[in-house]
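The following exercises concern the architecture of a single protein chain. Each task is followed by a solution worked in steps.

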Amino acid sequence: MKTPVSANGKRGGNGQARHQEQDIEVGLDGLIGHAGYAVRRFQIWIFQDFIRTLAAVDIKPTQYSVLTVIGANPGLSQMAVAKRLGIERARLVHLLDSLEDRKLVRRVQSRTDRRSHALHLTARGQASLRQFKLLAAEHERHVAEKIGAENREQLLRILSAFT
């Protein structure tokens, strides 16, 4: 069995090479100036904090978005939700199945198009969404703590072009 070799070429056993690799400063070169890279890293942080903050209620960011849009627009079709949130229809069906299993959402056959379903929050879904929104507000406070309240507001203004 070979002993691992660290970035500095030294051999070490028992995870020593991995420990040394973690201590190495890794430069990002041109990535520093790329908005896409910075946004992606921020998105990772945002999602991790959101998931951690809402872990007790087991709601992921996309589920929260779907519930929020349905709550604000009772009777909206699955296609309209998918289009507005930029979610593939097949993925939305899976999300709705899980939310329906949890008794948060119900699908009602559309009165005008038998191929379509109108989406509604159940009473449980409405009560749960109120709780989720309180936790999401806590998450937003974390964002403000991380980047500053004014920077958060400016970021929202900048990103509003994409919503």
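**Exercise 1. Classify aspartate 58 by its relative accessibility, and describe its backbone and its place in the chain.**

Solution. The model is a predicted one. Step 1: the relative accessibility of aspartate 58 is 43%. Step 2: a buried residue has under 20% and an exposed one over 50%, with partly exposed in between. Aspartate 58 therefore counts as partly exposed. Step 3: aspartate 58 belongs to the loop between helix 2 and helix 3. Step 4: its phi is positive, about 55°, although aspartate 58 is not a glycine.

**Exercise 2. Carry out the corresponding analysis for aspartate 29: is this residue buried or exposed?**

Solution. Step 1: aspartate 29 has a relative accessible area of 75%, so the residue is exposed. Step 2: its place is the loop that links helix 1 (16–22) and helix 2 (35–53). Step 3: phi of aspartate 29 is near 50°, again a positive value in a residue other than glycine.

**Exercise 3. Set out the secondary structure of the protein and the arrangement of its strands.**

Solution. Step 1: the protein contains 7 helices and 3 strands. Step 2: read from the N terminus, the order of elements is α-α-α-β-α-α-β-β-α-α. Step 3: the 3 strands make an open, antiparallel sheet with the order 1-3-2. Strand 1 (76–77) and strand 2 (105–109) are its edges, each pairing on one side only. Step 4: between strand 1 and strand 3 there are 2 bridges, in the antiparallel sense, and leucine 76 has leucine 119 of strand 3 as its bridge partner. Step 5: strand 2 is joined to strand 3 by 5 bridges, also antiparallel; here valine 108 stands opposite alanine 118 of strand 3. Step 6: helix 5 lies across strand 2 and strand 3, and runs at about 115° to strand 2.

**Exercise 4. Determine which residues of helix 4 are buried and how they are distributed around its axis.**

Solution. Step 1: Gln78, Val81 and Ala82 are the buried residues of helix 4. Step 2: these residues span an arc of only 95° around the axis, and therefore sit on the same side of helix 4. Step 3: a general property of helices is relevant here. An α-helix has 3.6 residues a turn, so residues three or four places apart point the same way. Step 4: Met79, Lys83 and Arg84 are exposed on the other side of helix 4. Step 5: the cover over the buried residues includes helix 3, strand 1, helix 5, strand 2 and strand 3. Step 6: just after helix 4 comes glycine 86, with a positive phi of about 70°.

**Exercise 5. Describe the largest nonpolar core and identify the element that supplies its largest share.**

Solution. Step 1: the largest nonpolar core consists of 24 residues, and Ile59, Val66, Leu67, Ile70, Val105 and Phe132 have the most contacts inside it. Step 2: at least two core residues come from each of helix 3 (61–72), helix 4 (78–85), helix 5 (89–101), strand 3 (117–121) and helix 6 (123–147). The largest share, 5 residues, belongs to helix 3. Step 3: the general background is that, in soluble globular proteins, nonpolar side chains tend to be buried together. Step 4: leaving aside residues up to four places away in sequence, valine 66 touches Val81, Leu85, Ile87, Leu92, Leu95, Leu96 and Leu99.

**Exercise 6. Establish whether threonine 62 is buried or exposed, and name its contacts.**

Solution. Step 1: threonine 62 is part of helix 3. Step 2: its relative accessibility is 18%, and therefore threonine 62 counts as buried. Step 3: apart from residues up to four places away in sequence, threonine 62 touches Ile87, Arg91 and Leu95.

**Exercise 7. State what share of the residues is buried, and characterise the contacts and the exposed surface of the whole protein.**

Solution. Step 1: of 163 residues, 26% count as buried. Step 2: among contacts with a separation of 6 or more, 48% join residues 24 or more positions apart. Step 3: the exposed surface is about 11800 Å², of which carbon and sulfur atoms supply 52%.

Definitions and conventions: Residues are numbered from 1 along each chain as its sequence is written. This is a predicted model: local features need pLDDT of at least 70, side-chain atom pairs count only at pLDDT 80 or more; totals for chains, interfaces and linings use all residues. Side-chain values use heavy atoms; hydrogens and water are left out. A nonpolar core is a set of buried Ala, Val, Leu, Ile, Met, Phe, Trp, Tyr and Cys residues joined through side-chain atoms within 4.5 Å. Buried means under 20% relative accessible area, exposed over 50%, partly exposed in between (1.4 Å probe, protein chains only). Helices (H or I, at least four residues) and strands (E, at least two) are DSSP runs, numbered from the N terminus. Contact means heavy atoms within 4.5 Å. Two strands pair if DSSP finds at least two bridges between them. Axes are lines fitted to C-alpha atoms, for helices over the stretch in contact, and angles run from 0 to 180 degrees between N-to-C directions. Accessible areas come from the Shrake-Rupley method with a 1.4 Å probe; for residues, only the protein chains shown count as cover. The arc is that of the directions from the helix axis to the C-beta atoms.
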